[in-house]
Amino acid sequence: MAVDRRLRILSELDRATGTLCEVGARVTEMSGAGIMLMSGDLPSGSVCTTNDVSALIEELQYSLGEGPCVDAYNQKRPVLEPDLANPSESRWPAFTAPVLEAGVRAVFGFPLQVGTVRLGALNLYRDRSGPLGEDQHADALVMAGVAAQAVLAMQAGAPPGELAAELEAGGDFRYVVHQASGMVAAQLHVTVGVALIRLRAYAFANDRPLSQVAEDVVSRKLRFDGHEDRDLGA
Amino acid sequence: MPREALLVETMVELADTLVDDFDVVELLTRLADRCVEVLDVSAAGLMVARPGGGELQVVASSSDAMRVLELFELQAEEGPCPDCYHTGEPVLNENLATVDGRWPRFAPHALEAGFRSVHALPMRLRRQTIGALNLFREAEGGLDEADVHAGQALADIATIAILQQRAAADARVLNEQLSQALNTRIVIEQAKGVLAEQANLDMEQSFARLRTYARSHNIRLADVAQRVIDGTLSAGSLDPGTNT
C-alpha cells in the first residue's frame with residue numbers, strides 16, 4: 001500500500017514541472033502546502049510554498065516560533081487541526097488569528113524525516129474545516145517522507161559548505177532577517193543573537209511579519225537606537 | 001519448537017528489530033546465532049563489503065572458531081564466502097575433502113578446524129551483492145533445499161538491515177551538511193549587516209568587501225564573517241582604502 005502511494009507520488013513528481021509543494025497539495029487534495037526546514041527547535045526557512053496563504057503560514061511560524069509545523073517537528077508526529085476556528089485545544093495564540101483571517105480553516109503539519117533524521121515539516125492547509133480522510137492522511141505521510149528524501153538528495157549534489165542551488169533558487173531562507181540582525185547588532189552594540197530577539201520583539205509588538213520589519217531595517221527605514229525604535233519610513 | 005515455527009519466530013524477531021535506531025552488529029550477531037539453531041549447520045558468519053564495493057569484512061560470527069576461519073578466508077583471499085560475494089550466486093559444497101584444489105589454502109585449514117562441508121549464500125538486493133552468509137557444517141553432505149531457502153531468507157533480512165542502516169547514516173550526514181551550509185550562510189548574512197551598518201554600505205558592497213578580504217588574506221569567507229560578527233575584525237580593516 002505504502003509502496004503504491006510512493007510510486008504514485010514519485011510519478012507525479014516526474015511529471016510536475018512545479019515543486020514538491022505543488023505535488024504535496026495536489027495528492028492530498030489540499031488548498032495549499034509548504035515545506036519548512038527547522039534548526040534546533042525553530043524554523044530556518046522554507047523550501048517551497050504553493051501560494052500566498054501557505055507562504056503566510058510559513059512566515060508566521062518563522063516569526064512566532066509556533067504553529068503546526070513547529071509542533072509536528074518538535075513532537076515527531078503529525079499535528080492536526082481540522083477546525084482552526086473552533087479548535088479542540090487552544091494552542092498557537094498568535095498564529096491562529098491572522099491565519100483564520102487569510103481564509104485558512106484547517107491546518108495539518110507532518111514531520112519531514114528519514115529514519116530518525118528530522119529536517120523540518122510539511123504543512124498542509126485547506127480553506128474549509130474538516131478532518132483529513134484516511135487516504136489523505138496516508139498520502140501526506142508518504143509525501144512528507146518523499147519530500148525529506150528529495151531535500152537531502154538535492155543537498156547531496158551541493159559543493160561542501162554550500163546550500164544546494166535548487167534549494168537556494170526555490171527556497172526562502174529569510175536572509176534579510178539575518179542581514180537586519182547584523183545591522184541592529186551594530187546599532188545597539190549587542191550580539192547578533194540579542195539583535196534577533198529585539199527584531200522579533202518589535203515585530204510581535206507591532207503585529208508585523210519579522211521579514212517585513214527586517215526589510216525596513218535593511219532599507220534603513222527603521223533604526224534601533226536602544227531607547228525607542230523609531231520608524232523612519234512614516 | 002518445530003523448525004518452521006522457530007524460523008517464523010526468528011523472522012518476526014528480526015523484523016521487529018528493524019526499527020529506527022537499531023544496532024546493526026547486534027542484529028547480525030543474533031542472526032548468525034539463529035542460523036545455527038534453525039538450520040542444520042554447526043557455525044554461521046556474515047561477511048559484508050564496505051559501501052561502494054569495497055573489501056569484505058567479517059561483521060558477525062556464531063563462534064570464535066568461525067570468526068578465525070572467516071578471517072583466514074579474507075587473508076587467503078579464497079573460500080566459499082569470497083566466491084559467493086564475487087559471483088552473487090550460492091556456493092553449496094558437499095564435501096570439503098574433495099574440492100580438488102579450488103581452495104588450496106582454505107580447505108586444509110577448515111578441515112583442521114573440524115568442518116566437513118562449507119556453504120555461502122549471497123546477501124543481495126536486486127543486482128547489488130553486499131556480502132555473504134557463511135554456513136559451515138561439521139558433517140559432510142549438502143544443505144537440504146529447505147535449509148537453503150530458509151538460509152537465504154535470513155540472509156535477505158540481514159541485507160535489508162544493513163542497507164537500511166547505511167541509508168540512515170547517509171541521511172544523517174546529509175542533514176548535518178544541510179544545517180551547516182545554512183548556518184554558514186546565516187553567519188555571512190549577519191556579517192554583511194554588521195558591515196553595512198558600520199561602514200554605511202549596501203548589502204552587495206558589504207559582501208564584496210568580505211569576499212575581497214577573504215581572498216587577499218587567504219581566509220575562508222565564513223571565518224571572515226565570523227570575525228566581523230565577533231568584533232575581532234573591524235569595518236576599518238576591511239576597507240580597501242585603509243587596508244594595508
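This report describes the sheets, helices, cores and chain contact of a predicted model with chains A and B.

**Chain A: overall content and sheet**

Chain A holds 10 helices and seven strands. Of its 234 residues, 47% count as buried. Among contacts in chain A between residues at least 6 apart in sequence, 58% join residues at least 24 apart.

Five strands of chain A form an open sheet with antiparallel pairing, in the order E2-E1-E5-E4-E3. Strand E2 (42–49) and E3 of chain A stand at the edges with a single partner strand each, so one side of each has no neighbour in the sheet. On average, and with direction ignored, neighbouring strands of this sheet are turned by 25° against each other. Strands of a sheet pair through backbone hydrogen bonds, in either the parallel or the antiparallel sense.

Strand E4 (residues 106–114) of chain A has eight of its nine residues buried, so it is largely enclosed by the rest of the structure. On one hand, E4(A) pairs with strand E3 (residues 79–81) of chain A over three bridges in the antiparallel sense, and A:Val107 in E4(A) is the bridge partner of A:Glu81. On the other, E4(A) pairs with E5(A), again in the antiparallel sense, over nine bridges. Within that pairing, A:Phe108 has A:Leu124 in E5(A) as its bridge partner. The hairpin of E4(A) and E5(A) has two residues between the strands, and A:Gly115 takes a positive phi near 60° there.

E5(A) is also joined to strand E1 (residues 32–39) of chain A, by six bridges in an antiparallel arrangement. In this pairing A:Ala33 stands opposite A:Leu124 of E5(A). A:Leu124 is thus the partner of A:Phe108 as well as the residue opposite A:Ala33.

**Chain B: sheet**

In chain B, five strands likewise form an open sheet in the order E2-E1-E5-E4-E3, with antiparallel pairing. Its edge strands are strand E2 (56–61) and strand E3 (91–92) of chain B, each of which pairs on one side only. Strand E1 (residues 43–49) and strand E5 (residues 128–137) of chain B pair in the antiparallel sense over six bridges; here B:Ala132 in E5(B) is the bridge partner of B:Met47.

**Helices on the sheets**

The table lists helices that lie on the two sheets, with the strands they touch or cross and the angle to a reference strand.

| Helix | Strands | Approximate angle |
|---|---|---|
| H3 (residues 52–64) of chain A | E1, E2, E4 and E5 of chain A | about 25° to E1(A) |
| H4 (residues 68–75) of chain A | E1, E2, E3, E4 and E5 of chain A | about 35° to E4(A) |
| H2 (residues 24–38) of chain B | E1, E2 and E5 of chain B | about 65° to E2(B) |
| H3 (residues 64–76) of chain B | E1, E2 and E5 of chain B | about 170° to E2(B) |

**Nonpolar cores**

The largest nonpolar core has 56 residues, of which A:Ile35, A:Ala121, A:Leu122 and A:Ala147 touch the most other members. H6(A) gives the most to this core, with 10 residues. Neighbours within four places in sequence left aside, the contacts of A:Ile35 include A:Leu20, A:Cys21, A:Val47, A:Leu112, A:Leu122 and A:Ala147. Another core, of 47 residues, lies apart from the largest one; among its members are B:Val58, B:Met66, B:Ala107 and B:Ala150.

**Contact between the chains**

The contact takes 27 residues from chain A and 27 residues from chain B. On the side of chain A that touches chain B, strand E5 (117–126), helix H6 (134–156) and helix H8 (175–188) of chain A each supply at least two residues. H8(A) gives the most to this side, with 10 residues. The residues of this side of chain A divide into 15 nonpolar, 11 polar and one charged.

**Helix H8 of chain B**

In helix H8 (residues 221–230) of chain B, the residues B:Val224, B:Ala225, B:Val228 and B:Ile229 are buried. Viewed down the axis of H8(B), its buried residues fall within an arc of 140°, so they line one face of the helix. What covers them includes helix H9 (192–205) of chain A, together with helix H6 (145–199) and helix H7 (203–216) of chain B. After H8(B) comes B:Gly231, which has a positive phi near 90°.

How values were computed
Residues are numbered from 1 along each chain as its sequence is written. Chains are lettered from A and ligands numbered from 1 in the order in which they are written. This is a predicted model: local features need pLDDT of at least 70, side-chain atom pairs count only at pLDDT 80 or more; totals for chains, interfaces and linings use all residues. Two strands pair if DSSP finds at least two bridges between them. Helices (H or I, at least four residues) and strands (E, at least two) are DSSP runs, numbered from the N terminus. Two residues are in contact if their C-beta atoms, placed from the backbone, lie within 7 Å. Axes are lines fitted to C-alpha atoms, for helices over the stretch in contact, and angles run from 0 to 180 degrees between N-to-C directions. A residue is buried if 20 or more other C-beta atoms lie within 10 Å of its own, exposed if 12 or fewer, and partly exposed in between; C-beta atoms are placed from the backbone. The arc is that of the directions from the helix axis to the C-beta atoms. Ala, Val, Leu, Ile, Met, Phe, Trp, Tyr, Cys and Pro count as nonpolar, Asp, Glu, Lys and Arg as charged, and the others, Gly among them, as polar. A nonpolar core is a set of buried Ala, Val, Leu, Ile, Met, Phe, Trp, Tyr and Cys residues joined through C-beta atoms within 7 Å.
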